[in-house]
Amino acid sequence: MGRKKADDIYQKLFLHSLKGDDDCHGVVASNLLSGEHTLKISQACPIIYHSQELSLANLMKAEIYASFTALKMGLDILKKKENVHIERFMAQGGIFKTKDVASVYLASGLQTKISLMKNTVDGGPFGIAVLASFLFEKQLTLKEYLKKKVFAKKKLTNILPVPDITTGIETYEQNFRKLLPLLKDLTKQENKKIQNLKEIVLQANLDLVRNHLVLFTWGNVSQIDREHKRIIIKPSGVSYDYMTADDMVVLDLDGNVIEGKYRPSSDTKTHVEIYKAHPEVGGIVHTHSTYATAFAQAGRDIPAYGTTHADYFYGDIPCARELTKKEIESDYEKNTGLVINELFHDKDMKSMPGCLVSHHGVFAFGKDGQEAVYHATVIEEVAKMALLSEQINPKVQKAPTYLMDKHYQRKHGKNAYYGQTKKG
Ligand SMILES: [Zn+2]
């Protein structure tokens with residue numbers, strides 16, 4: 001959808017909200033844009049609650065009110081408990097683009113004059129730019145700087161509270177407060193899930209040590225929760241001896257840190273790129289385990305010499321191409337992920353749950369972190385076996401395809417019969 005078309009739709013919806021009831025007639029929205037700390041919840045989740053019939057006008061009005069609810073509740077604390085006097089608010093944000101809608105709701109909700117400048121719709125970037133330019137200010141305080149340099153001689157449009165809307169917003173806020181315990185409960189449950197995941201990822205990382213795949217702090221495991229859009233990964237440079245679940249770092253799907261006291265693993269960007277390109281992957285491991293890394297340093301695939309290999313990997317475990325000088329110098333970890341994705345352009349990571357990166361080490365994949373560790377362990381074992389086979393017989397041949405097929409299919413094929421059948 002083009003920008004203009006989206007703007008038109010927003011304008012129509014905003015204007016339509018004016019037809020709604022001042023208190024939204026029992027409709028409450030919880031789409032906080034910020035202010036979770038004011039409400040003492042760790043993360044808001046979008047809920048629409050309605051005790052009466054839901055009309056588009058009231059839904060839209062509740063959505064706009066919701067953007068200001070936490071702000072209003074926070075300011076009430078300042079005003080009533082801390083006796084802070086508020087003269088007026090300078091409003092900034094795209095939400096004020098449609099004239100006399102959000103600005104009137106905000107003025108009425110806060111019972112304070114709202115002033116709009118010509119550039120009000122520029123929003124957050126304007127505020128950040130003002131603060132950035134203040135960094136170079138040597139003489140004035142921030143208050144003086146704003147008064148004398150930023151707002152001086154600016155033509156302002158003032159919006160005043162509308163008493164009926166103020167009353168409506170008071171009722172809306174009471175309804176919102178009833179929803180708050182539910183929001184808190186939900187976020188508690190979400191937190192529990194993330195806490196469990198941290199424990200799982202910690203154990204998977206410790207498995208790297210137990211399975212003799214890492215020395216020092218080499219190696220890392222991550223796991224993705226696609227439903228909650230989170231990646232949990234080992235912190236960078238923290239010793240395995242002292243690592244706890246709370247040391248794990250929680251990221252969003254772009255690799256930004258959401259929670260954690262440490263920096264995430266330095267290989268984070270590689271993990272992120274692989275997760276983005278491979279929805280079949282739920283966990284990723286990186287190691288420098290000796291035998292497999294020896295193949296990686298030699299720039300060689302690990303040949304499929306036997307059935308141990310074939311039970312898990314359909315064909316040779318491939319070694320990705322070397323990264324170019326430019327790829328290494330520009331965005332090394334991200335490019336490592338892209339080179340791995342390039343290697344898998346015609347393969348999925350289920351039938352080939354691992355690979356080598358030239359001159360570097362091993363990446364292994366699985367449905368979760370634990371399975372990825374399992375695959376990383378198998379890679380190390382089959383690399384060792386392959387090397388020994390070549391030493392015993394330099395002319396060793398790859399196992400015939402029909403034998404390899406048989407082993408792979410009996411474990412992973414449509415009619416797999418290896419192991420125990422699940423009791424239904
Ligand atoms: Zn590495």
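Two strands pair if DSSP finds at least two bridges between them. Strands (E, at least two residues) and helices (H or I, at least four) are DSSP runs, numbered from the N terminus. The model is predicted: local features need pLDDT of at least 70, side-chain atom pairs count only at pLDDT 80 or more, and totals for chains, interfaces and linings use all residues. Residue numbers start from 1 along each chain as its sequence is written.

**Exercise 1.** Trace the open sheet of 8 strands and find its edge strands.

*Solution.*
1. Read the order: β9-β8-β7-β6-β10-β13-β12-β11, with mixed pairing.
2. Take the edges: β9 (257–259) and β11 (319–320), each paired on one side only.
3. Check β11: it pairs with β12 (residues 354–357) in the parallel sense, over 2 bridges.
4. Place the residues: Cys-319 stands opposite Leu-356 in β12.
5. Add helix α11 (residues 325–343): it packs on the sheet and touches β11, β12 and β13 (361–366). Contact means C-beta atoms, placed from the backbone, within 7 Å.

**Exercise 2.** Describe how helix α9 packs with helix α12.

*Solution.*
1. Fit the axes: lines through C-alpha atoms, for helices over the stretch in contact, with angles from 0 to 180 degrees between N-to-C directions.
2. Read the geometry: α9 (residues 290–297) and α12 (residues 369–392) pack at about 65°, axes 7 Å apart.
3. Classify: α9 is therefore roughly perpendicular to α12 (65 to 115 degrees).
4. List the contact: α9 gives Tyr-291, Ala-292, Ala-294 and Phe-295; α12 gives Ile-379, Glu-380, Ala-383, Lys-384 and Leu-387.

Terms used. Two residues are in contact if their C-beta atoms, placed from the backbone, lie within 7 Å. Angles under 35 degrees count as roughly parallel, over 145 as roughly antiparallel, 65 to 115 as roughly perpendicular and the rest as oblique.
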